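Visitor: I'd like to go through this one label by label and hear what backs each of them up. Shall we look at it together?

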Amino acid sequence: NIQLPPIVIATCCHYLCTWSTFSQASQYFWTCCGLNQDEFDVAVTVSQWYSLKRASSFSGKKVNGEEKKKRKRSTMEKYVVGKEDENDCEENDTQQQEEVNEKESLSYPHDDTLPNLIQIAQKAGQALSQQQNQQSNNSNKNNMISSDEFEKSFTSTQKIQLGFTIKKLLDLARAAELQSLGYKYVEFVKYTKSSIEDRLLIGYNHRS
């Protein structure tokens, strides 16, 4: 038996994924989910939407000196002099709630080691097939829409959430490859706060 060394993979660059370079086990995981190559190509494109999180996170942080003074005066008037506006309170509450919702929706599951991913993919594929059959029985209309319509149907927050979900799915397909190679323990680990690409995929067979 070949002794597999521990492996660490940076889970980035999803937009560069192609079907031809996806491993055989990763392709099998994808098809077990009930998805095909065309849907893979769409998923790779949509995964880029998660980068909107970076743009929104840093927007407005770089301000010139005059703008800083203006904001400081505004803050002094509202909170020191007592001119706080109710609308500002509502905006702050809304923003805080959105941040909480985003944090919850974008959390990456970490349950020690991953279960058998092919078995889970097969169950997901069966559920998707049943759902598609029900939809086809209820409607004979063509539900295909243009890419422009598809993109416009999502808010910025929804795009970020969908992009993150797609990235997780692509990463699970990568993890399925490690399991197929014989790694007993396969995990996702957060390793940085300096980037939205903050997860490592690791595989090993022995715990110290």
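Visitor: What makes α2 and α8 a contact, and which residues meet there?

Guide: This is a predicted model, and contact here takes heavy atoms within 4.5 Å. On the α2 side you have Phe40, Ala43 and Val46, and they meet Leu162, Gly163, Ile166 and Leu170 in α8. By class, that gives six nonpolar residues, one polar and no charged ones.

Visitor: Which residue is the polar one, and why?

Guide: Gly163 of α8, because Gly counts among the polar residues in this scheme.

Visitor: Why is α2 called oblique to α8?

Guide: The two pack at an angle of about 125°, with their axes 8 Å apart. Roughly perpendicular runs from 65 to 115 degrees and roughly antiparallel needs over 145. About 125° falls in neither range, so α2 is oblique to α8. The crossing itself is left-handed.

Visitor: How do you know what to call the packing of α1, residues 24-32, on α8, residues 156-181?

Guide: That pair also packs at about 125°, with axes 8 Å apart. That makes α1 oblique to α8. The crossing of α1 and α8, though, is right-handed.

Visitor: Which residues make that contact?

Guide: α1 puts in Ala25, Ser26, Phe29 and Trp30. From α8 come Leu169, Leu170, Leu172, Ala173, Arg174, Ala176, Glu177 and Ser180. They divide into eight nonpolar, two polar and two charged. Arg174 and Glu177 are the charged pair, because Arg and Glu are both on the charged list.

Visitor: How do you know whether the span of α8 fits its number of residues?

Guide: α8 has 26 residues, and from first C-alpha to last it reaches 38 Å. At 1.5 Å a residue you'd expect 38 Å, so the span is close to expectation. Right after α8 comes glycine 182, with a positive phi near 110°.

Visitor: On to the sheet. What makes β1 and β2 edge strands?

Guide: The three strands form an open sheet in the order β1-β3-β2, with antiparallel pairing. β1 (7-10) and β2 (185-190) each pair on one side only. Neighbouring strands are turned by 20° against each other on average, direction ignored.

Visitor: And how do you know that β1 pairs with β3?

Guide: Pairing takes at least two bridges. Four bridges join β1 to β3 (residues 199-204), so the two strands pair, and they run antiparallel. One of the bridge partners in β3 is leucine 200, which goes with alanine 10.

Methods
Residues are numbered from 1 along each chain as its sequence is written. This is a predicted model: local features need pLDDT of at least 70, side-chain atom pairs count only at pLDDT 80 or more; totals for chains, interfaces and linings use all residues. Side-chain values use heavy atoms; hydrogens and water are left out. Axes are lines fitted to C-alpha atoms, for helices over the stretch in contact, and angles run from 0 to 180 degrees between N-to-C directions. Angles under 35 degrees count as roughly parallel, over 145 as roughly antiparallel, 65 to 115 as roughly perpendicular and the rest as oblique. A crossing is left-handed if the near helix is turned anticlockwise from the far one by less than a right angle, and right-handed if clockwise.
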